[in-house]
Amino acid sequence: MKGFGHAVVRLRIPILILAVVLLIPAAIGYLNTRTNFDILSYLPKEIETMRGQEILANDFGTGAFSLIVTEGTKDKDIKRMAEQMEQVEHVKRVLWYGSLMDISIPVELLPSKYTEILKNGDAVLMIAVYDSTMSSDETMQAIEEIRKITNDQTYISGMSAIVVDTKDLSDVEVPMYVVIACVLCLIVLTITMDSFLIPVMFLLSIGFAVIYNLGSNFIQGEISYLTKALAAVLQLAVTMDYSIFLWHSYCAEKEVSHGDKKEAMANAINETLASVVGSSITTIAGFVALMFMSFTMGLDMGIVMAKGVAIGVICCVTVLPSMIIVLDKAIEKTKHKALMPDFSKVSKWIVKHFYIGLILFAVLIVPAWYGQSHNEVYYNLDSSLPKDLECIVASEKLQEKFNMNSTHMILMDSNIDSKQVNHFVDEVKKIDGVKTVIGIDSILGPMFPRDMVPKKLQEILDNGEYKLLFVMSEYRVATDEVNAQCDRINEVLDKYDSKGMLIGEAPCTEDLIKITDRDFNVVNWVSILLVGVIVLVVFQSLSLPVLLVAVIEFAIFINMGIPYYTGTVLPFVASIVIGTIQLGSTVDYAILMTTKYKGARVSGYAKKEAVEYALSNSMASIIVSALSFFAATVGVGVYSRIDMIGSLCSIMARGAIISMFVVIFLLPAVLRVFDPVIIRTSFGFKNARRKKDEEKQEGLV
């Protein structure tokens, strides 16, 4: 280990050259990593709704559709517009009431049940069917082209349109997330560090690590837009501690190395590597826990962020020290007095009044637990987007003009006769909230001549193996009403076709709700177990894993309980990932203080003095770490117009501050109260046990 630090110092110039050169393949990898904007695509592939989507794409050659509302447009113009849309690559067919027969035939000859659903006054409903999947690049490009063709009175809704608008908004905002996070971190570091230049070097070093991480995602083929948006900000937030530790260690080593800065840096690298590896493991464990989700976005985010933390550690002990040695003179010229106060008096007061922390715990634990377990969350993906986006305006227009909020698709065996299909359709129409069902048999009916229906329309609705039906619903996706509706449709479908499938955004979202409810419990327990095992190994203690994890879990309860009392509805992702991220990232605060407590206790300090020593010598580091995490995330939370990203960052920022206060005010009380238990259930406390016996004899305990 000792040779590693000297090797880095000796090879500092080649390391910096290599670091710059590696940015090139990293940038190429980043640019060639596809971003997936369809959250529903991360559902398990084996569930029925996802298998149905695959059949729809492979057998029908139809993977997606859009509902289009056009107002104040003449039939001949709609026909021309539909024909132009069909010329767009990957648009398979555009259906509207004029598709059922030639528009020269009077509309009155069409069944009224379809003219009513497809036409309302001057508003006409069209369905654009694509030969590509819901969130594919081809479908997104097709929607962009359709928007160029249509007029200002035409509105495109549906999941694919949501994906397009999410992509456009994300592409604009993500670069700003990084800028905002860097600026706010720079402000915090400038205040808390003792040099104006060193914060810039911290950000440069972490910037290298972020680019390497994002570039290496090319191996995965694609990452979710949520992971892409949060990766840089989160990596900055959780790895900043390592840079701060290296700098403090280097400054301390300079004082004892008699001016030999290279030797001081070599020693600082070795010390930092030993310390941050242990610290980073808990953070990595938090992200590894996400990989246990059935909803594979957790796997996506977990891999990217665990990898990012590991790369951050490597850059911290190679790139950053090389920069510091090379620019040492410039750093010295920008030195200033750090504005962090002395916390020794505050520490003594907190330890002396330790019961305050225990009282606050007793008062807050029940409402915090109740709040976090009764949060309201949303699963409807368009709820996270600004109301002025085109897709959201289109959805509102669809609801306003046609009282429709979602559309399901049904795949039935093509061999089922028309009479049975019509019986099925009649039953489905009676289900609450179903406006109508459109399929080849329901369109024709017993008296409607099949040869009057265009061949292209017949091919879309019946490919010889499956019949495709569209169910128009009044209910919004992810509501209890639409979930009950889907369940009832499935019950009816099973009577007529046991192998039939109900697919679409609403059924997929219902599966998402069921799966993520399970994932929430799995991720929480896996993260607690992993972090607990790491603490057990680090401290060789049976009691400390329980105590430290309990302290941070209390902070998580407070953080996640606040939305319940403020009436804030959270995106479903927040309820799953925040707990494990906050635990993995901020348990380091508790580990730092406990390490100093153990050192003081083993050195012969009495219980109270050991806790005071631990708190006074760790408080500054905990505050700087928490403020850095807060700075990296709070700005993004305020700025982002995508609520799923903004909410996650805001909650993480708040969580860092809450963990900071809980560790500073509650952990000293826990260490003081449970000191006898800790000593008896931990290895390496021989001197502490001896001191304990002496205190008993003197009547001090």
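Reader: Which helices and strands each supply at least two residues of the lining of the largest cavity?

Author: This is a predicted model. In it, β2 (64-71), α8 (159-192), α17 (390-402) and β9 (406-413) each supply at least two residues of that lining.

Reader: Which of them gives the largest share?

Author: β2, with four residues.

Reader: What volume does the largest cavity have?

Author: About 360 Å³. A search of the whole structure finds seven cavities of 30 Å³ or more.

Reader: Which lining residues lie nearest its centre?

Author: Gly-158, Met-159, Asn-405, Ser-406 and Glu-505. The lining has 25 residues. They divide into ten nonpolar, twelve polar and three charged.

Reader: Pockets next. How much space lies in the largest pocket?

Author: About 1,100 Å³. Its lining has 37 residues, and Phe-245, His-248, Leu-592, Lys-596 and Ser-621 are the closest to the centre.

Reader: Where does the largest share of that lining come from?

Author: From α10, which gives ten residues. α10, α11 (261-290), α24 (572-602) and α25 (607-639) each supply at least two. By class, the lining has 20 nonpolar, eleven polar and six charged residues.

Reader: And the second largest pocket? Which residues lie nearest its centre?

Author: Asn-375, Val-377, Tyr-379, Asp-517 and Ser-575, out of 32 lining residues. About 780 Å³ of space lies in this pocket.

Reader: Which element gives the most to that lining?

Author: α22, with eight residues. Elements that each supply at least two include α16 (354-373), β8 (377-378) and α24. The classes are 14 nonpolar, 13 polar and five charged.

Reader: Switching to the core. How many residues has the largest nonpolar core?

Author: It has 236. Met-126, Phe-295, Ile-324, Phe-424, Phe-572 and Ile-645 have the most contacts inside it. Helix α10 (residues 225-256) gives the most to this core, with 18 residues.

Reader: What does Ile-645 touch?

Author: Leaving out residues up to four places away in sequence, Ile-645 touches Tyr-177, Tyr-225, Leu-226, Ala-229, Leu-230, Val-636 and Ser-640.

Reader: Now charges. How many salt bridges does a search of the whole structure find?

Author: The search finds 21. In one of them Glu-222 pairs with Arg-34, the closest N and O atoms being 2.9 Å apart.

Reader: Why does that pair tie together parts that are apart in sequence?

Author: Glu-222 lies in strand β7 (residues 222-224) and Arg-34 in strand β1 (residues 34-36), so the bridge joins parts 188 residues apart in sequence.

Reader: Glu-222 and Arg-34: buried or exposed?

Author: Glu-222 is partly exposed, at 27% relative accessible area. Arg-34 is partly exposed too, at 23%.

Reader: What about Asp-165? Which side chain does it meet in a salt bridge?

Author: Arg-147, at 2.7 Å, N to O. Asp-165 is in helix α8 and Arg-147 in helix α7 (residues 137-149), 18 residues apart. Asp-165 is buried, with a relative accessible area of 5%. Arg-147 counts as buried at 15%, because the cut-off is under 20%.

Reader: And Lys-261? What does it form a salt bridge with?

Author: Asp-328, with the closest N and O atoms 2.5 Å apart. Lys-261 is in helix α11 and Asp-328 in helix α14 (residues 328-333), 67 residues apart. Lys-261 counts as partly exposed at 31%, whereas Asp-328 counts as buried at 8%.

Reader: Last one. Which residues are linked in a network of salt bridges?

Author: Glu-71, Lys-397, Glu-400 and Lys-401.

Notes
Residues numbered from 1 in each chain as written. Predicted model: local features only at pLDDT ≥ 70, side-chain atom pairs only at ≥ 80, totals over all residues. Heavy atoms only, no water. 1 Å grid on protein atoms, 1.4 Å probe; cavity = no way out; pocket = protein on both sides within 12 Å on 5 of 7 lines; lining within 4 Å. Points joined across faces, edges and corners; volume = space filled by probe spheres on them. Nonpolar A, V, L, I, M, F, W, Y, C, P; charged D, E, K, R; others polar. Core = buried A, V, L, I, M, F, W, Y, C linked by side-chain atoms within 4.5 Å. Buried < 20%, exposed > 50% of the residue type's maximum accessible area, 1.4 Å probe, protein only. Contact = heavy atoms within 4.5 Å. Salt bridge = Lys/Arg side-chain N within 4 Å of Asp/Glu carboxyl O.
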